[in-house]
Amino acid sequence: MSRLKKALEADKFPVVAELQPPKGIALDNMFSPVGFLKKRVTAFSVPDNEHARLRLSSLAACRLLKEADAEPLLHLTCRDRNRLALESDLLGAAVLGINNVLVVSGDYVTLGDHPQAKPVYDADSVQLLQIAQGLMAGHDSAGLPLNGNPDFFLGAVVIPEADPWVPQLIKFEKKVAAGAQFFITPAVFDLEKFRAFRQSLPPHPIKILASIEILGTEEVAQAKEGKWRQVYSLPPEILQELTAAEAEKVLFKGAEIAGRLLKQLKEENLADGVYLKAQGRADLFTMVLEGGGL
Amino acid sequence: MIIAERKPFAEIKAAVAPYEKILIVGCGTCVAVCLVGGEKEVGLLASQLKLARGLEGKHLEIGEITVERQCDLEFIRPLCDFIADYDAIISMACGAGVQYLGQLCYMRPIFPAVNTAFIGVNEEAGLYSERCLACNNCYLAVTGGICPVTMCPKGLLNGPCGGTINGRCEVDPERECAWTQIYQRLENQGRQEQMREILPLHPHDRRTTSGKVIHPAYKRRYGGHE
């Protein structure tokens, strides 16, 4: 059974650490935090060509995590595969012992490093959840029976600061109806907005992992220049803290802020767990966890 | 209507470089309305080609004709009377017109002068925008008359993606998010509950082979089945 599922169901406030798969096959950097962190976090998550930029496959990296005795969370994007490939990869994940799956639509190809690639989106994230549910029930998306059913712990994304909110809420509810068992948010910096989000959700037994992120120097520079274009906001006081830091210390300042946010989220019981994005660096993960009192 | 854009002159010129007697065929319908392939544009391309060849000191003879619709046999059949007089054809029609004319005049090489862009509307003079991908499975009844297949770059069928910012599209901030518009349209009509319905996977089999439509009144004539 999924350790992540168990931890969420037992209200253990699990931490999922996001790794950064390489563009290439050199694994050292990606795996450097794993040995150190695997006793401190519940699972490691591997994005699937994040931001439409080519990276080592999430499926392969997740299997390597299993072999390192760590719990993987597979990301599966609708952008790069048609329904046959999605289903085949899901079955493949199951036989490789990977059961935690985060289903995402995927950033559009023109935003990434292969802008001329064909965008697929044969299924959307709601339909992909339905497909995975169908596989669990023993049939593929064409209704044909499977020989051996997989078991998944299915996650999806919800955007707490979406504006307008109602279409996002409808999509959230469709994802729940389609079989999502947990949700992950984009980075949370504005706790006021996150509280409002939690209050606006209808009462679901759905688990929410809030993302805590250490922004890179590029993102901080964008925010400083007023070119911020993210689906989450950065309160002015946090931006001020980040921009006041010396260039080489921006990440450490970010880790300090992340630790503080993590602590508040946990203390106020605003989330059921946390999804950490710390540039894939062991030292930064550690700083955030310590700052958050975990 | 079908919207097209003129190909760069250098590409057209290079494609027909080996030929000395060329017929440029315009189309008087969609591409004439969007100002890329009608009678006027045929004349313009002919002048450009003649000038370019002249500057190179090379001979070129050009015939010009514009038919009502190149996608209709009735209008292109008369070209058969004189097409043999030319070495090559440049068609200024959409992809359908180029292919149909090329099929009829199969003994002569045919070259397109435009890139067919989309099925769209004429917003204002010279301003066209896409509306339909001809998916052969129209969703407009349940999406408030706004097409998610076309207007959402991802073609999502069940609501906005996570990249929408303030109702704008993640792909291009100048564009409105199709699903935000769909929601607002449905809400204005008191039909927002419609958005809760989970739409199933799109039936791509309806357009993965070259399509054919037979009007019900003509099924017997063309051997179609009811």
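**Exercise 1. State how strands β2 and β3 of chain A pair, and place the pair in its sheet.**

Solution. In this predicted model, strand β2 (residues 43-46) of chain A pairs with strand β3 (residues 72-77) of chain A in the parallel sense, over three bridges. To locate the register, take Val46(A): its bridge partner in β3(A) is Leu74(A). Next, widen the view to the sheet. The strands of chain A form a closed barrel of eight, in the order β1-β2-β3-β4-β5-β6-β7-β8, with parallel pairing. On average, and with direction ignored, neighbouring strands of this sheet are turned by 25 degrees against each other.

Finally, add the helix that lies on the sheet. Helix α5 (residues 125-136) of chain A packs there, touching β3, β4 (100-104) and β5 (153-157) of chain A. The direction of α5(A) makes about 150 degrees with that of β4(A).

**Exercise 2. Classify the packing of α5(A) against α6(A) and list the residues that meet.**

Solution. Two numbers are needed, since packed helices are described by the angle between their axes and the distance between the axes. For α5(A) and helix α6 (residues 165-178) of chain A, the angle is about 10 degrees and the axes are 8 Å apart. An angle under 35 degrees counts as roughly parallel, so α5(A) is roughly parallel to α6(A).

The residues follow. From α5(A) come Ser125(A), Val126(A), Leu129(A), Gln130(A) and Gln133(A); from α6(A) come Lys174(A), Lys175(A) and Ala178(A). By class, this contact holds three nonpolar, three polar and two charged residues.

**Exercise 3. Decide whether Ser125(A) is buried or exposed, and describe its surroundings.**

Solution. Ser125(A) is found in helix α5 of chain A. Count its C-beta neighbours inside 10 Å: there are 28. The cut-off for a buried residue is 20 or more, so Ser125(A) counts as buried.

Now list its contacts, leaving aside neighbours within four places in sequence: Cys78(A), Val103(A), Val104(A), Ser105(A), Ala156(A) and Lys175(A). Of these, Val103(A) and Val104(A) belong to β4(A), and Ala156(A) belongs to β5(A). A further distance concerns Lys171(A), which is 46 residues from Ser125(A) along the chain; their C-alpha atoms are separated by 9.5 Å.

**Exercise 4. Compare chain B with the globule rule and characterise its fold in numbers.**

Solution. Chain B contains eight helices and seven strands. For 226 residues, a compact globule would have a radius of gyration near 17 Å, but chain B has 22 Å. Along the principal axes, its C-alpha trace spans about 65 × 50 × 25 Å. Buried residues make up 33% of the chain. Among contacts in chain B with a separation of 6 or more, 56% come from residues 24 or more positions apart.

**Exercise 5. Find the strands that flank β2 of chain B.**

Solution. Strand β2 (residues 21-27) of chain B is mostly covered, with six of its seven residues buried. Seven bridges join β2(B) to strand β3 (residues 61-67) of chain B, and the two run parallel. Four bridges join β2(B) to strand β4 (residues 88-91) of chain B, also in parallel. Ile22(B) takes part in both pairings: its bridge partner is Ile62(B) in β3(B) and Ala88(B) in β4(B).

**Exercise 6. Describe the contact between the two chains.**

Solution. On one side are 24 residues of chain B; they are in contact with 27 residues of chain A. The chain B side divides into 12 nonpolar, nine polar and three charged residues.

Notes:
Residues are numbered from 1 along each chain as its sequence is written. Chains are lettered from A and ligands numbered from 1 in the order in which they are written. This is a predicted model: local features need pLDDT of at least 70, side-chain atom pairs count only at pLDDT 80 or more; totals for chains, interfaces and linings use all residues. Two strands pair if DSSP finds at least two bridges between them. Axes are lines fitted to C-alpha atoms, for helices over the stretch in contact, and angles run from 0 to 180 degrees between N-to-C directions. Two residues are in contact if their C-beta atoms, placed from the backbone, lie within 7 Å. Ala, Val, Leu, Ile, Met, Phe, Trp, Tyr, Cys and Pro count as nonpolar, Asp, Glu, Lys and Arg as charged, and the others, Gly among them, as polar. Angles under 35 degrees count as roughly parallel, over 145 as roughly antiparallel, 65 to 115 as roughly perpendicular and the rest as oblique. The radius of gyration is taken over C-alpha atoms; the globule rule is 2.2 Å times the number of residues to the power 0.38. A residue is buried if 20 or more other C-beta atoms lie within 10 Å of its own, exposed if 12 or fewer, and partly exposed in between; C-beta atoms are placed from the backbone.
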